[in-house]
Amino acid sequence: MGKTNIFVLSGPSATGKGTICKKIKSEMPVKIAISMTTRKKRQGEEDGVHYHFVDKACFEDLIEKNGFVEYAKVFDNYYGTPMCEIEDARSTDVILEIDVQGGLQVMQKLKGSVGIFLLPPSMKALKQRMLKRGTEDSDSMKKRLSKAIDEISELVNYEYFIVNDDLEKATSELKSIISGMKSESQEELLQNKVTKEKANALIDKYKEEYDALSVDR
Ligand code: 5GP
């Protein structure tokens, strides 16, 4: 098994990717890449900590200069991983917390990068989490729920999945995947391994749940 240092963590908005990344960073030596975005800063967010917040012209200038590992337009804003954020990957494990469009680009471009998909316990739980977070208006929430289903449909392209029904458990599974990728025996990772059968069953489950949410979503 080769040395794998780049881990792509994708999953629908509000699944808890940020919380898990924050927790794992306090428990093991990993770097969480800081993305660049043109979206507005939310209350409590800091430039250079949560994101590098820039305007559209600055983002497009960096695209011209081939300054991104990947970038995508998500909910009408640009998001991307600047090249400099993966420079340390030769010596440190780096987690890219990015959406599926970006995740697929990274997994194609950087051979050996490992895709991990974070799933909510259910679509209802995801909706409740968005409501609790209170950062989206109802229109934006509808868009995010619909995008969540599109993203989950790409699960089969990822190597591992984690269901975030308990923060401790989900973080511990992520830690096992990161350290397990470097060990000879990966038996303990089998429960989190994506197979075609598991992916299809999960996709069906979330689609049914999405349809069962109120008509207004
Ligand atoms: P939010 O606006 O909630 O912070 O993020 C919206 C979505 O953009 C999330 O799914 C998040 O993972 C994704 N995202 C954050 N940074 C990047 C990035 O650098 N590249 C891509 N492709 N997606 C990102």
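Student: What makes the lining of the largest pocket a mix of nonpolar, polar and charged residues?
Tutor: Its residues divide into 18 nonpolar, 14 polar and 16 charged. Ala, Val, Leu, Ile, Met, Phe, Trp, Tyr, Cys and Pro count as nonpolar, Asp, Glu, Lys and Arg as charged, and the others, Gly among them, as polar. This is a predicted model, where local features need pLDDT of at least 70 and side-chain atom pairs pLDDT 80 or more, while totals for chains, interfaces and linings use all residues. Residues are numbered from 1 along each chain as its sequence is written, and side-chain values use heavy atoms, leaving out hydrogens and water.

Student: Why is it called a pocket, and which residues lie nearest its centre?
Tutor: On a 1 Å grid over the protein atoms alone, a pocket is an open set of points with protein on both sides within 12 Å along at least five of seven lines, and lining residues have an atom within 4 Å of a point. Here 48 residues line it, and Lys-17, Gly-18, Thr-19, Tyr-51 and Glu-97 lie nearest the centre. About 1500 Å³ of space lies inside, a volume being the space filled by probe spheres set on the points, which are joined across faces, edges and corners.

Student: Which element gives the most to that lining?
Tutor: α1 does, with six residues. Helices (H or I, at least four residues) and strands (E, at least two) are DSSP runs, numbered from the N terminus; α1 spans 17-27, so its run passes the helix cut-off.

Student: How do you know where the ligand sits?
Tutor: The ligand sits in the largest pocket, so more than half of its atoms lie within 2 Å of the pocket's grid points.

Student: What makes Tyr-51 a polar contact of the ligand?
Tutor: A polar contact is a pair of N or O atoms within 3.5 Å; within protein, one must be able to donate a hydrogen and the other to accept it, and residues adjacent in sequence count only if both atoms are side-chain atoms. A polar side-chain atom of Tyr-51 lies 2.5 Å from a ligand oxygen, so this pair falls within the cut-off. For Asp-99, a side-chain N or O atom is 2.7 Å from a ligand nitrogen. Arg-144 has a side-chain N or O atom 3.2 Å from a ligand oxygen.

Student: Which residues line the second largest pocket?
Tutor: Arg-39, Tyr-79 and Arg-144 are among them. Its volume is about 230 Å³, and α5 provides the largest share of the lining, three residues.

How values were computed: 1 Å grid on protein atoms, 1.4 Å probe; cavity = no way out; pocket = protein on both sides within 12 Å on 5 of 7 lines; lining within 4 Å.
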